[in-house]
Amino acid sequence: MADQQTYGVLHLFCGIGGAAIGMQAAESEYRGARGSFVTLAGIDCDPEACADFENLTGAPAVQTDLFSRKDYIAFHGCEPPEGWREVTPADLRAAILRATGGVIPDVVFLSPPCKGFSGLLPAKSANSQKYQALNRLTVRGLWLVLEAFADDLPGIILLENVPRITSRGADLLGEIKSLLGAHGY
């Protein structure tokens, strides 16, 4: 009989849960060890995506906006609504632990918005403050997770995006590499 290991996954920028569904269906065996994934929670700013995520995955979704205040303004072109506040690592940790019943994720899967990196967007638009703010969510989301769980870091961090991130987001990938290195990855 194979040794069975289950890994809990947090999905940041979860959308409706496509990646979560795929991971939930995945199972692998290597040299007698079997592994599978369980979805702990998802996080997204879109309330409809969060509702779909919950319906499709059976896991809770936390609706929260991960923009910094500066990037919220750059993306939306206006001040945040009354009651909005910038999420801190402590806020993120508390929300995740509430959603997961206190379980810390083994794996974090980030799928930040990729419109600003995509080749489908003209370079002039991609370079606008609006899309640069969206692009910076790649770094901010990762930073929030690393700081939120600095005392017990996830074993695996996966970042999904479009291929053009390597050219349109090369500077941000450098920041990501530095962040991961500073946290021992």
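**Notebook: a walk through a predicted chain**

I began with Arg-31, which sits in the loop between strand E2 (27–30) and strand E3 (33–44). I noted early on that this is a predicted model.

**Entry: two unusual phi angles**

Arg-31 is not a glycine, and yet I found a positive phi of about 50 degrees there. Is Arg-31 buried or exposed? Its relative accessibility is 75%, so I wrote it down as exposed.

I then looked up Phe-13, another residue other than glycine with a positive phi, near 60 degrees. Phe-13 belongs to the loop between strand E1 (3–12) and helix H1 (18–25). With a relative accessibility of 12%, Phe-13 counts as buried, because the cut-off for buried is under 20%. I put the two side by side in my notes: Arg-31 is exposed, whereas Phe-13 is buried.

**Entry: the whole chain**

Next I stepped back to the full picture. How many helices and strands does the protein chain have? I counted 9 helices and 6 strands.

I also checked the overall size. The C-alpha atoms fill a box of roughly 55 × 35 × 30 Å along the principal axes. For 185 residues, a compact globule would have a radius of gyration near 16 Å, and the chain has 17 Å, so the two agree.

Of the 185 residues, 41% are buried. The accessible surface comes to about 9700 Å², and carbon and sulfur atoms account for 55% of it. I looked at contacts between residues at least 6 apart in sequence, and 68% of them join residues at least 24 apart. For charges, I noted 15 positive and 21 negative side chains, with the centres of the two sets 8 Å apart.

**Entry: Thr-39 and its surroundings**

Back to single residues, I picked Thr-39 in strand E3. Thr-39 has 11% relative accessibility, so it counts as buried. Which side chain makes a polar contact with the side chain of Thr-39? I found Gln-24 there, at 2.7 Å. Leaving aside neighbours within four places in sequence, the contacts of Thr-39 are Val-9, His-11, Ala-20, Gln-24, Phe-53 and Ala-59. Gln-24 therefore turns up both in the contact list and in the polar contact.

**Entry: Gln-5 in strand E1**

I looked up Gln-5 in strand E1 next. Its relative accessible area is 38%, which means that Gln-5 is partly exposed. Not counting residues up to four places away in sequence, Gln-5 touches Arg-34, Gly-35 and Ser-36. I also asked how far Gln-5 is from Ile-43, which lies 38 residues away along the chain. Their C-alpha atoms are separated by 24 Å.

**Entry: two helix residues**

My last stops were in helices. Arg-98 is in helix H4 (residues 89–100), and at 63% relative accessibility Arg-98 counts as exposed. I compared its place with that of Val-62: the two are 36 residues apart in sequence and 9.5 Å apart in space, C-alpha to C-alpha.

Asp-71 is in helix H3 (residues 69–76). Is Asp-71 buried or exposed? I found a relative accessible area of 7%, so Asp-71 is buried. Outside its neighbours within four places in sequence, Asp-71 is in contact with Ala-133 and Arg-136.

Terms used
Residues are numbered from 1 along each chain as its sequence is written. This is a predicted model: local features need pLDDT of at least 70, side-chain atom pairs count only at pLDDT 80 or more; totals for chains, interfaces and linings use all residues. Side-chain values use heavy atoms; hydrogens and water are left out. Helices (H or I, at least four residues) and strands (E, at least two) are DSSP runs, numbered from the N terminus. The radius of gyration is taken over C-alpha atoms; the globule rule is 2.2 Å times the number of residues to the power 0.38. Buried means under 20% relative accessible area, exposed over 50%, partly exposed in between (1.4 Å probe, protein chains only). Contact means heavy atoms within 4.5 Å. Accessible areas come from the Shrake-Rupley method with a 1.4 Å probe; for residues, only the protein chains shown count as cover. Lys and Arg count as positive and Asp and Glu as negative; His and the chain ends are not counted. The place of a charge is taken as NZ of Lys, CZ of Arg, CG of Asp or CD of Glu. A polar contact is a pair of N or O atoms within 3.5 Å; within protein, one must be able to donate a hydrogen and the other to accept it, and residues adjacent in sequence count only if both atoms are side-chain atoms.
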